[in-house]
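Got your viewer open? Here is a walk through the model, one selection at a time.

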Amino acid sequence: MTAPTSPRIETHPDILALRAHSEETTTTPAAQAVEALALLCGVYLAASPWIVGFNASTNLAINNLIVGIAFACLVGGFGSAYERTHAMSWAAVGLALWTIVSPWVVAGHAFATRAVVSNVVIGALCCLIALACARMGLGGGTPGGRH
């Protein structure tokens with residue numbers, strides 16, 4: 001048996017360039033602000049039934065808790081491992097869209113207006129933030145900046 005003579009994949013120039021791009025992308029103030037806002041949105045979404053006061057709607061409260069934790073965990077990986085997690089920002093967009101429609105799907109017609117307003121506003125904000133994360137992963141650099 002002979003040892004492989006080809007270099008390891010970790011030293012491939014494309015991998016090194018991808019890591020350098022990811023490092024450059026996540027260290028900008030705009031990218032860090034987007035990640036912080038996304039994390040805060042996820043935490044708010046998880047706690048919103050108790051903050052806004054629709055925790056009596058158990059199904060919607062549990063839905064918001066689970067989706068908020070999932071969103072916060074999902075975007076929490078962007079800063080530490082952006083080169084492997086930036087593609088998951090599209091899953092964050094899906095969670096944000098689900099947040100917008102969930103009062104009607106989960107609670108039916110038995111929901112409070114404040115639950116709808118809270119979910120629609122935070123869902124739209126999460127969607128915009130997740131799209132900004134996706135844009136950074138597409139090579140566009142920072143949202144509102146040049147790469």
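Before you pick anything, one cut-off: contact here means heavy atoms within 4.5 Å. This is a predicted model, so local features need pLDDT of at least 70 and side-chain atom pairs count only at pLDDT 80 or more, while totals for chains, interfaces and linings use all residues. Residues are numbered from 1 along each chain as its sequence is written, and side-chain values use heavy atoms, with hydrogens and water left out.

**The whole chain**

Start in cartoon view. You should find 6 helices and 0 strands, giving the pattern α-α-α-α-α-α as you read along the sequence. Helices (H or I, at least four residues) and strands (E, at least two) are DSSP runs, numbered from the N terminus. Taking contacts in the chain with a separation of 6 or more, 61% are between residues 24 or more positions apart.

Now switch on the surface. The accessible surface of the chain is about 8,200 Å², and carbon and sulfur atoms hold 69% of that; areas come from the Shrake-Rupley method with a 1.4 Å probe, and for residues only the protein chains shown count as cover. Of the 147 residues, 38% count as buried. Buried means under 20% relative accessible area, exposed over 50%, and partly exposed in between (1.4 Å probe, protein chains only).

**Into the core**

Next, select Val34, Cys41, Phe71, Ala92 and Cys126: in the largest nonpolar core, which has 20 residues, these touch the most other members. Such a core is a set of buried Ala, Val, Leu, Ile, Met, Phe, Trp, Tyr and Cys residues joined through side-chain atoms within 4.5 Å. The elements giving two or more residues to this core are H2, H3, helix H5 (89-106) and helix H6 (113-140). H6 gives the most, with 8 residues. As a rule, nonpolar side chains in soluble globular proteins tend to be buried together.

Centre on Phe71, in helix H3. Is Phe71 buried or exposed? Phe71 counts as buried because its relative accessibility is 1%. Leaving aside neighbours within four places in sequence, show what Phe71 contacts: Ala38, Cys41, Gly42, Ala92, Leu95 and Cys126. Then draw a distance from Phe71 to Ala130: they are 59 residues apart in sequence, yet 9.5 Å apart in space, C-alpha to C-alpha.

Hop to Cys41. Beyond the neighbours within four places in sequence, Cys41 is in contact with Phe71, Ile122, Leu125, Cys126 and Ile129.

Follow that list to Ile122, in helix H6. Ile122 is buried, since its relative accessibility is 7%. Not counting residues up to four places away in sequence, Ile122 touches Cys41, Tyr44, Leu45 and Thr99. C-alpha to C-alpha, Ile122 and Ile100 are 7.9 Å apart, with their positions 22 residues apart in sequence.

**Along H6 and over to H2**

Stay on helix H6 and select Ala124. Ala124 counts as partly exposed because its relative accessible area is 33%. What is the C-alpha distance from Ala124 to Ala96, 28 residues apart in sequence? It comes to 6.8 Å.

Now jump to Ala36 in helix H2 (residues 29-53). With 39% relative accessibility, Ala36 also falls in the partly exposed class. Try Ala72 as a partner: the C-alpha atoms of Ala36 and Ala72 are separated by 9.8 Å, at 36 residues apart along the chain.

**Helix H3 and its patch**

Select Asn63, in helix H3. Asn63 is classed as buried because its relative accessibility is 13%. Show the side chain of Asn64 too: a polar contact of 3.4 Å joins the two. (A polar contact is a pair of N or O atoms within 3.5 Å; within protein, one must be able to donate a hydrogen and the other to accept it, and residues adjacent in sequence count only if both atoms are side-chain atoms.) Setting aside neighbours within four places in sequence, Asn63 is in contact with Trp98, Ser102 and Val106.

Last stop, back on the surface: select Trp50, Ile62, Leu65, Ile66 and Ile69, which make a nonpolar patch of about 490 Å². Patches are made of residues with over 30% relative accessible area and no salt bridge: like charges are joined within 9 Å, nonpolar side chains (Val, Leu, Ile, Met, Phe, Trp, Tyr) within 5 Å. A salt bridge is a side-chain nitrogen of Lys or Arg within 4 Å of a carboxyl oxygen of Asp or Glu. Helix H3 (residues 58-80) supplies the largest share of the patch, 4 residues. Finish on Ile69, in helix H3, which is partly exposed at 44% relative accessible area.
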